Amino acid sequence: MSKQYILGIESTAHTLGIGIVKEGSIIANTKDSYVTEKGGIIPVEAARHHAKAKEDVYKRALEEAGIKEGDIKAIAFSQGPGLDPCLLEGLGFAKELAKKLNVPIVPLNHCIAHLEVGRLTGAKDPVMLYASGANTQIIAYAAGKYRIFGETLDIGVGNFIDTFARYAGMGFPGGPRIAELADKIKGEVDKEKLGSHYIELPYSIKGMDVAFSGLLTNLKQKLESNKYRIEDLAFSLQETAFAMLVEAAERALAHTGKNELLLGGGVACNKRLQEMCRIMCNERGAKLFVPEPELLQDNGAMIAFLGEIMLNARIKIDSANTGKIDIKPRERTDEVEVKWK
Ligand code: ATP
Ligand code: FE2
């Protein structure tokens, strides 16, 4: 039997990802990410990267799945939110493939894909702490929609970490490098002495909302003063920023009465953040669900996964009508009508 597979395209920011799913199982998940040694992400350059990488990533996905183009029955793609030039590459590729293969397109919301793919961990009705570069939100399903219970009031936690890392002369992405520096201290000193490396930093949370720009300014000033070790700053950055996220997530669990916490987004790859979430969940009798790192970071599999769910609910645009599809760079999680639940 042919035409059983959904192909998903992710291109919202730094990653061009292609995933293939069949009946809720991930058959392929390939990607190529834009990285820099020094500066941050430049949207048009990231888009250029995606344009160059797409054919190869697509080929690799088909190979990994062991299928032919003709076996694909729909193309799902991230319609937003994200960077305009990057989204346009994804849209263009989706249209090109839909036309070539004569199959429908399923446009979908990137943030909700992060959440829905969490089903694979066994989470049924979770609160999701979505901590990525551009986004930091506490999302849960309530009364027909995915609602945002709390979010960053300025920049995403990943962008905050990346900006500080760039300022300190590290490249992009900075999250893993900051984590390495923070871990260095753990390797160096006993647990009881960790506190002496902790530098007090501004802690900013209002209800379930958080903010990072004050913390960023403060860290930059501390770095410039040359009075602190970069390892200690990295360690304190993580302890402070992650404590804010965990506090917001805990409030959302209490507020919604739900007892599952699901992690999503690239920053959720951080082992210390996972540990802090686990401690909080244990204390309140909730269960923590952490997807594989390949599914936490931007990836095509989550797009294909949600695409299949939506296609099964008959949400699609036939290949003859693809001209009407556009990108939605600023689409918010709670604007999406969840017709598939
Ligand atoms: P979105 O479009 O959903 O905002 P994104 O484009 O930022 O996502 P992700 O892959 O979800 O992409 O997340 C990337 C972010 O994750 C970067 O800011 C990166 O520094 C951060 N990150 C990756 N690994 C770690 C880690 N181990 N610790 C902290 N941050 C990390
Ligand atoms: Fe993402």
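This tour proceeds from the iron site to the two domains, their interface, and one asparagine in a loop. The structure is a predicted model.

**Stop 1: the iron ion**

Begin by selecting the iron ion (ligand 2) together with His110, His114 and Asp298, its protein donors. The donor atoms to display are NE2 of His110, NE2 of His114 and OD of Asp298, lying 2.0 to 2.2 Å from the ion. Along the chain, the donors of the iron ion (ligand 2) follow the spacing H-x3-H-x183-D.

**Stop 2: helix α3**

Next, select residues 110-116, which form helix α3. Histidine 110 and histidine 114 are 4 residues apart in this helix, and therefore about one helical turn separates them. Colouring by accessibility shows that both histidine 110 and histidine 114 are buried.

**Stop 3: the two domains**

Colour the protein by domain. Domain 1 comprises 5-115 + 296-335, whereas domain 2 comprises 122-292. A distance drawn between the C-alpha centres of domain 1 and domain 2 reads 27 Å.

**Stop 4: the interface between the domains**

Now select the residues on either side of the domain boundary. Here 19 residues of domain 1 are in contact with 27 residues of domain 2. About 1900 Å² is buried between domain 1 and domain 2, with 64% of it on carbon and sulfur atoms. Between domain 1 and domain 2 there are also 6 residue pairs in polar contact, both residues at pLDDT 80 or more. On the side of domain 1 that touches domain 2, α3 gives the most, with 5 residues.

How many salt bridges are there between domain 1 and domain 2? The count is 1 salt bridge. To view a salt bridge, select arginine 332 and glutamate 151: their side chains meet at 3.2 Å, N to O.

**Stop 5: asparagine 135**

Finally, move to asparagine 135, in the loop between β6 (127-131) and β7 (136-142). Is asparagine 135 buried or exposed? The relative accessible area of asparagine 135 is 15%; because this value is under the 20% cut-off, the residue is classed as buried.

Show the side chain of tyrosine 130 as well, since the side chain of asparagine 135 makes a polar contact with it at 3.3 Å. With residues up to four places away in sequence left out, asparagine 135 touches Cys111, Tyr130 and Gly156. Of these, Tyr130 is the partner in the polar contact just described, and Cys111 leads back to helix α3, which spans residues 110-116.

Terms used. Residues numbered from 1 in each chain as written. Chains lettered and ligands numbered in written order. Predicted model: local features only at pLDDT ≥ 70, side-chain atom pairs only at ≥ 80, totals over all residues. Heavy atoms only, no water. Donors = N, O, S within 2.8 Å, 3.2 Å for Na, K, Ca; no water. Helix = DSSP H or I, 4+ residues; strand = E, 2+ residues; numbered from the N terminus. Buried < 20%, exposed > 50% of the residue type's maximum accessible area, 1.4 Å probe, protein only. Domains from an automatic or database assignment. Contact = heavy atoms within 4.5 Å. Buried area = accessible area lost by both parts, 1.4 Å probe. Salt bridge = Lys/Arg side-chain N within 4 Å of Asp/Glu carboxyl O. Polar contact = N/O pair within 3.5 Å; in protein donor to acceptor, adjacent residues only side chain to side chain.
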